[in-house]
Amino acid sequence: MLSVSNLSFERYFERVFEPVSFELGAGSLLLVTGANGCGKTTLLRVLAGLLEHSEGEINCDSRPLYAGHNPAIKDDLSVEENIRFLMNFMGQRDDSGGSDSNSGLCQNVIEIIGLAPVAQQEGRTLSAGQRKRCSLSRLLFCDEALWLLDEPYSNLDHEGIVMLDDILKDHLKGGGSCVMTTHGSLRPEGFELQECFMTSGRYSSEWQAA
Amino acid sequence: MSRPALSTAFMALLRRDFLLAYRRRAELLQPLVFLLVVVTLFPLGVGPSPQLLANIAPGVIWIAALLASVLSLDSLFRSDYEDGTLEQMVLSGQPLALIALARIVAHWLVAGLPIVILSPVLALWMNLPEEGVPVLLKSLVIGTPVLSLIGAIGAALTVSLKRGGQLLSLLVFPLYVPLLILATSAVSSAVAGLPYNGQLGLILAGLIGALTLAPFATATALKLSLS
């Protein structure tokens, strides 16, 4: 699904992280951990293709879905309008009809991510956790096989974490795979996972099975 | 792969932009009020002599239109850049040039078209002779899209800068010079009873050139700004 060898990235002629290599097969989860500023987000942005890597190779057989720190939510649009726009723009499982046939799917997505009570509220009125939930809604209607999730647990409450774990389990069971970063305090529970630990500018190739 | 069809994505983006424009209508009015104020200041500054005003009218109206257009251009990609929407657009796999074109079309419809509609009032204000008004309208109809198209390249280049507005005007004003010369010369020629089709033809050529090239330049600039 995704294989990376000796990948490194330089910013202003300085290496942000040391060369990274790993293989990720279908149905597996890679957890990237490390202290703040060790290059986790940069690694994900390189994998997503937003940054051009300086050395090494990335082999990826499909376009990944990247959910980063920026939620891509418009303050002036309601939750529902935001999600409907992303659905029409980025992907939808049901390609058969126009935007009207999507409204059922859109309602479902809003139910699942637990934003039904605030569906008509403007983006600016959402709390940080609600924004996170809204931005994670992409996981439900885009069908990319590889997910790149940057700190997906940040700002989520306990229910939100359980919800995300469920969505992730379904995704992995369906043969998808995921690279997830976390700074350590919150981790996915009950998953078979590979872990790689990054330290400031250096990458440890020690692999642990949890 | 269920990536939405191009037309679906294009229309979704246009619809979103109109909805956003409607929600932020106060922001939309600002460049228009600015345009009115700038044009109003001229009779106060240079004196209200009707002949003098008629002579400088084409230039004043066009320069005010340039200023108003640059004023609204700065926000073309900024909010999408800041909230991460632009990232997602780049990653969506939809052609970035088309995304840029959708934004430009929406920008022209909400910022350029109102200038065109307002221009007869400005012409009256500046005592532009009647023969000049239709040509002024024509020059604005084909000229303001060029402003949006060229301006979008500048907006894309400066989107990652905290205060890109000033730099944006420095970047795009020199590129607007040929357009300004041609448009004002067309209107002045019409007033003097001379042929003006040549100038309008050149502006049209500029529009076609900008329409085919600017979306690609904007897309490249956006990618540069994101990395």
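These questions and answers cover the contact between chain A and chain B, and one strand of chain A, in a predicted model.

Q: How many residues of chain B are in contact with chain A?
A: The contact involves both chains. Chain A brings 29 residues to it. On the other side, chain B brings 31.

Q: Which three residues of chain A supply 26% of the area that chain A buries against chain B?
A: The area buried between the two chains is about 2700 Å². Carbon and sulfur atoms give 56% of it. On the side of chain A, no other three residues supply more than Arg63(A), Lys74(A) and Phe89(A).

Q: Which residue of chain A forms a salt bridge with Glu87(B)?
A: The rule finds 5 salt bridges across the interface of chain A and chain B. In the one formed by Glu87(B), the closest N and O atoms are 2.7 Å apart. The partner is Arg45(A).

Q: Is strand E7 of chain A mostly covered or mostly open, and how many of its residues are buried?
A: In a regular strand, side chains alternate between the two faces of the sheet. On one side of E7(A), Ser177(A), Val179(A) and Thr181(A) are buried. On the other, Cys178(A), Met180(A) and Thr182(A) are buried too. E7(A) is mostly covered, with 6 of its 6 residues buried.

Q: What is the bridge partner of Leu149(A) in E7(A)?
A: Strand E3 of chain A runs parallel to E7(A), joined by 5 bridges. There, Leu29(A) has Cys178(A) as its partner. Strand E6 of chain A also pairs with E7(A) in the parallel sense, over 5 bridges. For Leu149(A), the partner in E7(A) is Met180(A).

Terms used: Residues numbered from 1 in each chain as written. Chains lettered and ligands numbered in written order. Predicted model: local features only at pLDDT ≥ 70, side-chain atom pairs only at ≥ 80, totals over all residues. Heavy atoms only, no water. Contact = heavy atoms within 4.5 Å. Buried area = accessible area lost by both parts, 1.4 Å probe. Salt bridge = Lys/Arg side-chain N within 4 Å of Asp/Glu carboxyl O. Buried < 20%, exposed > 50% of the residue type's maximum accessible area, 1.4 Å probe, protein only. Helix = DSSP H or I, 4+ residues; strand = E, 2+ residues; numbered from the N terminus. Pairing = 2+ DSSP bridges.
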